Amino acid sequence: MTIVKRKFDVVIVGAGGAGMRAALQLSEAGLKVAVLSKVFPTRSHTVSAQGGIAASLGNVTEDNWHWHMYDTVKGSDYLGDQDAIEFMCRQANEVVYELEHFGMPFDRLENGKIYQRPFGGQSQNFGGAQATRSCAAADRTGHALLHTLYQRNVSANTQFFVEWIGLDLIRDAQGDVLGMTAMEMETGDVMILQAKATLFATGGGGRIFQANTNALINTGDGLGMAARAGIPLEDMEFWQFHPTGIHGVGVLISEAVRGEGGYLVNKDGERFMERYAPNAKDLASRDVVARAMTIEIKEGRGCGDENDHLLLKLDHLGSEIIKSRLPGIRELAMKFSHVDPIHDPIPVVPTAHYMMGGIPTNYYGQVVAPYKTGPEEVVTGFYAVGECACVSVHGANRLGTNSLLDIVVFGRAAANQIIEDLKINLHHKPLPEDAADQSMARLARLENQVDGESVAQVTDALCKTMQTYCGVFRFEDTLLQGVEKIKEVAERVGRTEIKDKSKVFNTARIEALELDNMKEVAMATMISAEARRESRGAHARDDFPEREDDNWLKHTLYFSDEHRLDYKPVRLKPLTVDSFPPKKRTY
């Protein structure tokens with residue numbers, strides 16, 4: 001079978017905020033850019049980001065990037081790399097003003113400046129009073145960002161491959177990345193996309209959990225492709241459980257609700273966060289709030305007939321604030337929990353939301369990893385940005401509204417680095433003869449498997465295993481069982497069969513390919529979590545309840561081929577300022 005090859009300067013996988021910010025920079029520089037997306041670009045998961053983008057503009061309260069940096073380091077539970085965090089926070093104001101000039105419709109204050117709202121973990125003066133740092137477009141900030149970037153990319157003639165899925169990276173004998181294989185989802189046709197630079201902006205993999213806030217497309221595809229190509233995955237034990245997913249459906253209720261003055265109550269009507277975070281209360285860091293909610297439910301103070309959720313109260317804000325500042329939240333609450341928050345509280349529960357780990361990179365978006373048994377070094381031709389990357393600016397716990405900042409800062413930075421790198425790498429390197437063999441073998445297995453298991457059943461088993469054994473609180477015995485269970489599920493993935501083998505709109509085939517990627521993400525998560533014997537940020541172990549800096553102030557690296565773990569030190573030295581040494585984290 002002859003496979004069509006196409007050549008580009010840059011291939012970007014993922015058309016969310018990170019991918020489109022990078023694509024815009026590259027297309028405007030005159031490079032030939034292809035952007036692959038499983039969905040129409042404006043349906044990428046960035047569209048679901050609600051609350052805002054962090055920047056120390058100081059439009060409402062006094063602010064500066066040093067305070068933002070401190071909050072991000074503290075929020076990361078000191079696992080974030082401080083050079084990368086400084087890089088991000090120093091550029092925040094610039095990238096927000098840039099978005100404003102692109103035409104992004106931010107809400108406005110009466111003086112005409114960009115509207116900002118408070119968010120969890122944000123402070124003035126290094127842990128003092130609450131800061132107001134989140135630049136917002138009502139409660140649809142991601143939607144506004146994505147549409148703004150898409151329109152700019154259309155003007156810049158970026159080429160989009162819509163409803164395509166990436167299959168596998170192509171690497172040569174030296175480990176350089178030369179492009180990738182991809183499939184058109186409608187026809188099943190496979191193509192080799194040869195590139196001087198390949199950029200992953202594939203988003204997260206929250207679908208590995210049974211209850212999650214993620215779109216169906218968030219199956220960790222970039223991580224699966226990287227893992228199969230020998231790239232380790234970093235810090236995969238750290239998954240943020242957002243405190244407020246709608247009970248029973250997992251749909252996200254933004255932290256913007258609490259930023260505007262909403263608060264959580266238990267079945268007794270008690271505003272319980274005052275007991276867990278007496279200063280920040282409902283605007284403590286997300287991992288703190290999620291654990292507090294879990295404790296309330298476990299100790300019998302949950303709401304409803306089964307005492308299995310809590311209530312988010314915002315009726316006291318008044319209908320005008322809710323309709324103008326939180327219209328999308330009201331719509332979600334009415335549609336999915338059948339309550340109007342103008343009158344009644346929203347039933348909520350902590351729900352898997354965001355992946356702090358990912359493909360290891362530096363703050364220029366270059367993937368940095370050992371090849372085979374060699375030393376850690378930049379992987380030539382390979383870049384990653386956004387949620388699929390681990391820079392690491394979020395460490396063990398991400399602060400709300402730092403995710404939109406992350407994708408814009410590092411999307412732009414990676415594009416600038418690619419432009420510089422391509423001044424040296426002027427020509428396409430020759431493809432190895434076996435460039436498409438791995439992908440074709442995976443597809444052939446799906447075609448030829450008989451009497452195998454259903455993809456849906458194995459996917460369900462994977463998600464239930466992650467939910468049961470690797471949730472908000474983790475225990476030694478359940479993690480050990482979880483490792484064995486997820487290995488069993490991984491073996492079952494290799495025996496799945498697609499029942500409908502027609503190639504037109506081959507949903508079953510796509511779901512089987514996605515399951516290959518989910519398997520890699522789930523294995524990395526469970527094995528890394530079992531090995532980290534401390535509690536830090538979103539990783540809370542009942543048997544090791546304290547943070548342990550002497551032995552565990554380090555990043556985890558998971559290698560898929562041997563299920564092997566290695567570790568590397570956290571970069572505690574910032575670029576230009578004094579470092580923030582680890583200390584007890586209180587709110």
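Start by selecting L26, which is found in helix α1 (residues 17-28). Helices here are DSSP runs of H or I with at least four residues, strands are runs of E with at least two, and both are numbered from the N terminus. The model is predicted: local features need pLDDT of at least 70, side-chain atom pairs count only at pLDDT 80 or more, and totals for chains, interfaces and linings use all residues. Residues are numbered from 1 along each chain as its sequence is written, and side-chain values use heavy atoms, with hydrogens and water left out.

**Stop 1: L26**

L26 counts as buried because its relative accessibility is 0%. Buried means under 20% relative accessible area, exposed over 50%, and partly exposed in between, with a 1.4 Å probe and protein chains only. Now show the contacts, meaning heavy atoms within 4.5 Å. Leaving aside neighbours within four places in sequence, L26 is in contact with V10, I12, L31, V33, A415, I418 and I419. Add R412 to the selection. Its C-alpha atom is separated from that of L26 by 9.0 Å, with their positions 386 residues apart along the chain.

**Stop 2: helix α11**

Select residues 402-421, helix α11. Of its 20 residues, 17 are buried, so α11 is largely enclosed by the rest of the structure. Check the length next. The expected span of a helix is 1.5 Å times one less than its number of residues. For α11 that gives 28 Å, and the end C-alpha atoms are 27 Å apart, which agrees.

**Stop 3: L145**

Move to L145 in helix α4 (residues 141-155). L145 has a relative accessible area of 1%, so this residue is buried. Not counting residues up to four places away in sequence, L145 touches T46, L99, M104, L404, I407 and V408. Pick out M104: the C-alpha atoms of L145 and M104 are separated by 6.2 Å, and the two are 41 residues apart along the chain.

**Stop 4: helix α5**

Select residues 221-228, helix α5. Eight of its eight residues are buried. Among them are D221 and R228. Then click on G230, which follows α5 and has a positive phi, near 90°.

**Stop 5: cysteines**

A search of the whole structure finds zero disulfides, a disulfide being a pair of cysteine sulfur atoms within 2.5 Å. Select C388. The nearest cysteine sulfur, that of C390, is 11 Å away. C388 is buried, with a relative accessible area of 0%. C303 also counts as buried, at 6% relative accessibility.

**Stop 6: cavities**

The structure holds two cavities of 30 Å³ or more. On a 1 Å grid over the protein atoms alone, a cavity is a set of points where a 1.4 Å probe fits but cannot get out, and lining residues have an atom within 4 Å of a point. Grid points are joined across faces, edges and corners, and a volume is the space filled by probe spheres set on the points.

The largest cavity has a volume of about 90 Å³. Its lining includes D176, Q194, T380 and H427. β9 (190-200) is one of the elements that give two or more residues to this lining, and β9 supplies the largest share, three residues.

The second largest cavity has a volume of about 50 Å³. To see its lining, select W239, Q240, F241, D287, A290, R291, V472 and A538. β11 (239-246) and α8 (286-298) each supply at least two of these residues.

Notes
On a 1 Å grid over the protein atoms alone, a cavity is a set of points where a 1.4 Å probe fits but cannot get out, and a pocket is an open set with protein on both sides within 12 Å along at least five of seven lines; lining residues have an atom within 4 Å of a point.
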